[in-house]
Amino acid sequence: MESITSVNNPQVKAAANLKNKKFRAETGTFVAEGLRAVREAIAYGRVESLFVTDDEAERLGDWLDKAVSRGARLYRVDGKVMARLSDTKTPQGVLAVAAMPRTGLADLRPGLPDPDAPVVVLDRIQDPGNLGTIIRTADAAGVLAVLLLEGCVDAYSPKVVRATMGSLFHLPLVQHLAAEEVLSWCSRQGFRTVATCLEGASDLYRADLSGKQAFLLGNEANGVTPALQQAAAERVYIPMPGKAESMNVAMAAGIILFEALRRRRYGRM
């Protein structure tokens, strides 16, 4: 394992640059920080390099050997270098540079292994924490893939990656998609589009959620665009008997996805 003590080391500079979207796009790589995220990256992703402090090297144990066996380069760094690499005030002591999966719509395999696994379509989601939480929730609910329309925050930004808690490595993500492209794909693959909105919509708990669904969730401030609402086969809302006018989009995603999962497993009941 090579030791690095200078923040001006070329490997450190290259990894630190990945905080910037431009460099992520140019290199096709991103960073995952923290013990859990790095373990998931090693297990399910393609790690190109791994930076670790002495304390975290002991905690990772055999995971370091596994990373090396899969082609990763290992670097032992001190706290000063780790602070340069991290975008948090309190670095976690281990950071991986991983390759972005080159996944497109054509790579998705609807029906495998769950014949009715839904997809999540996101329209202009801006908050990294929201996007990361939606990805983590989609992973937990057995979603086939998360599809990001043009205008969404970058799924591989450090804040999003951190919020996914490793789920980013478990399910396919497809970014920078045009709405027309996604709607056409959904139609060809037999997905019924269901948009979330407040007007002209059905109660989620009474709506037909049978078969394969593509759930459309919209921008935090403005929701799903009117054009996408009109294009959807069904529009649903979550009944809220309290006084709140709306709820967080990541919370709404959890409610909808797990109601859909309950229907797939147990029917209406």
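Select strand 7, residues 145–149, in this predicted model. Five of its five residues are buried, so strand 7 is largely enclosed by the rest of the structure. Buried here means under 20% relative accessible area.

Now show the side chains of strand 7. Which residues point one way, and which the other? Ala145, Leu147 and Leu149 take one side. Val146 and Leu148 take the other. All of them are buried. In a regular strand the side chains alternate between the two faces of the sheet.

**Strand 6**

Add strand 6, residues 119–123. Strand 6 pairs with strand 7 in the parallel sense, over four bridges. To see the register, pick valine 120 in the model: valine 146 of strand 7 stands opposite. Next, trace the chain between the two strands. The path from strand 6 runs through helix 7, residues 128–140, and on to strand 7. This β-α-β crossover is right-handed.

**Strand 8**

Go to the next pairing. Strand 8 covers residues 173–177 and pairs with strand 7, again in the parallel sense. How many bridges link strand 7 and strand 8? There are three. Select leucine 147 and look across to valine 174 in strand 8, which stands opposite. Then follow the connection. From strand 7 the chain passes through helix 8, residues 158–164, to reach strand 8. This β-α-β crossover is right-handed too.

**Aspartate 123**

Return to strand 6 and select aspartate 123. Is aspartate 123 buried or exposed? Its relative accessibility is 5%, so aspartate 123 counts as buried.

Display its polar partners. The side chain of arginine 124 makes a polar contact with the side chain of aspartate 123, at 2.9 Å. The backbone nitrogen of threonine 225 lies 3.0 Å from a polar atom of the aspartate 123 side chain.

Widen the selection to the residues that aspartate 123 touches, leaving out those up to four places away in sequence. Leu149 and Cys152 are among them. So are Leu217, Gly218 and Asn219. Gly223, Val224, Thr225 and Leu228 complete the list. Leu149 also belongs to strand 7, where it points to one side with Ala145 and Leu147.

**The two domains**

Zoom out and colour by domain. The assignment gives domain 1 as 2–99 and domain 2 as 119–267. Their C-alpha centres lie 31 Å apart.

Finish at the boundary between them. Here 16 residues of domain 1 are in contact with 14 residues of domain 2. The area buried between domain 1 and domain 2 is about 1200 Å². Carbon and sulfur atoms give 65% of that area.

Key
Residues are numbered from 1 along each chain as its sequence is written. This is a predicted model: local features need pLDDT of at least 70, side-chain atom pairs count only at pLDDT 80 or more; totals for chains, interfaces and linings use all residues. Side-chain values use heavy atoms; hydrogens and water are left out. Buried means under 20% relative accessible area, exposed over 50%, partly exposed in between (1.4 Å probe, protein chains only). A polar contact is a pair of N or O atoms within 3.5 Å; within protein, one must be able to donate a hydrogen and the other to accept it, and residues adjacent in sequence count only if both atoms are side-chain atoms. Contact means heavy atoms within 4.5 Å. Two strands pair if DSSP finds at least two bridges between them. A crossover is right-handed if, with the strands pointing away from the viewer, the path from the first strand over the helix to the second runs clockwise. Domain bounds come from an automatic or database domain assignment. Buried area is the accessible area (1.4 Å probe) that two parts lose on being put together, summed over both.
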